[in-house]
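These are my notebook entries on a structure that I looked up today. I kept them in the order in which I went through the model.

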Amino acid sequence: MRTRLLAATLTALAAVSLAACSSSGSSSGKATAAAGSPTTAVATPSDTSTPGSTGSTASTPGTAGTPGTPAPSATGTADGATGAPAPGTDGSAPAKPAPPADAGLPAKPDADVTGKVVAALKAIDPAIVGDKPDQVVEQARKQCQSMYQFPKDKAKLIELADQHFTSPDHPQGFGPDTAAKINDALRATLCPPTR
């Protein structure tokens, strides 16, 4: 008789522990029942309440009293999963992925587009291009990426154009008026339309 009482107590304790682990966020302890797995009610020796009420816990058959069996997660699996629902399964929208690091960076232009970019920048001020047209095209691509990242912040784009386009005679950039013209020229020749 004592052996049976001890076994019932141990089974009840294991079921309570199992329910506490697997019902995070569940007030009734029916986490495995919600996942569609069959359940049995296990009452503690001092509790004679009905199955499903407070004091009794739901457990998956064969796991409550079996030592060494992993506890099922809230999704009803016994593989040691965290029990966190997959994105979107609880009714919320899945997390939006971060944009790639090269978002807004146009592809390296072909010779025709490169010629248009260089000509447009030389028309503003030949010192912008100087004797390094390849380098100025790379700076133009970076400026296009800035236009993608800050589509409505004109002051920021002018500041960034002054940082991207410098020359030995203009180490701090060409000033806000020229930077605004550079931005317009790049929108017309190289940069994709912004949002």
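I count two residues as in contact when heavy atoms of theirs lie within 4.5 Å. With that cut-off I looked up Ser-167, and I noted that Ser-167 touches Ala-127 and Phe-174, residues up to four places away in sequence not being counted. I place Ser-167 in the loop between α6 (154-164) and α7.

Before going further I wrote down the ground rules: the model is predicted, local features need pLDDT of at least 70, side-chain atom pairs count only at pLDDT 80 or more, and totals for chains, interfaces and linings use all residues. Residues are numbered from 1 along each chain as its sequence is written, and side-chain values use heavy atoms, with hydrogens and water left out.

Entry on the whole chain.
I found 7 helices and 2 strands in the protein chain, where helices (H or I, at least four residues) and strands (E, at least two) are DSSP runs numbered from the N terminus. Along the sequence I read the pattern α-α-β-β-α-α-α-α-α. I then looked up burial, taking buried as under 20% relative accessible area, exposed as over 50% and partly exposed as in between (1.4 Å probe, protein chains only). Of the 195 residues, 30% count as buried. The exposed area of the chain is about 12200 Å², of which carbon and sulfur atoms supply 57%; I note that these areas come from the Shrake-Rupley method with a 1.4 Å probe, and that for residues only the protein chains shown count as cover. Among contacts between residues at least 6 apart in sequence, 55% join residues at least 24 apart. Coming back to Ser-167, I recorded that it counts as buried because its relative accessibility is 12%.

Entry on α3.
I looked up helix α3 (residues 111-124) and found 14 residues reaching 20 Å from the first C-alpha to the last, close to the 20 Å expected, the expected span being 1.5 Å times one less than the number of residues. Which residues of α3 are buried? I listed Thr-114, Val-117, Val-118, Ala-120 and Leu-121. They lie on the same side of α3 because they cover an arc of only 160° around the axis, the arc being that of the directions from the helix axis to the C-beta atoms. An α-helix has 3.6 residues a turn, so residues three or four places apart point the same way. On the other side of α3 I found Ala-111, Asp-112 and Ala-123 exposed. The cover over the buried residues of α3 includes α4 (126-129), α5 (133-149) and α7 (176-189). Lys-122, also in helix α3, is partly exposed at a relative accessible area of 42%, and I read 9.9 Å between the C-alpha atoms of Lys-122 and Pro-133, which are 11 residues apart along the chain.

Entry on α5.
The end C-alpha atoms of α5 are 25 Å apart, which agrees with the 24 Å that its 17 residues should span at 1.5 Å a residue. I noted its buried residues as Val-136, Val-137, Gln-139, Ala-140, Arg-141, Gln-143, Cys-144, Gln-145, Ser-146 and Met-147, and found that the buried residues of α5 pack against α3, α4, α6 and α7. I singled out Gln-139, which counts as buried at 18% relative accessibility and, its neighbours within four places in sequence left aside, is in contact with His-164 and Phe-165.

Entry on α6 and α7.
The buried residues of α6 are Leu-157, Leu-160, Ala-161, Asp-162 and His-164, and they pack against α5 and α7. I also looked up Ile-158 in helix α6, which is partly exposed with a relative accessible area of 23%. Apart from neighbours within four places in sequence, Ile-158 is in contact with Pro-176, Ala-179, Ala-180 and Asn-183. Is Lys-181 buried or exposed? I entered Lys-181, found in helix α7, as exposed, because its relative accessible area is 52%. From C-alpha to C-alpha I read 9.2 Å between Ile-158 and Lys-181, 23 residues apart in sequence, and 10.0 Å between Lys-181 and Asp-125, 56 residues apart in sequence.
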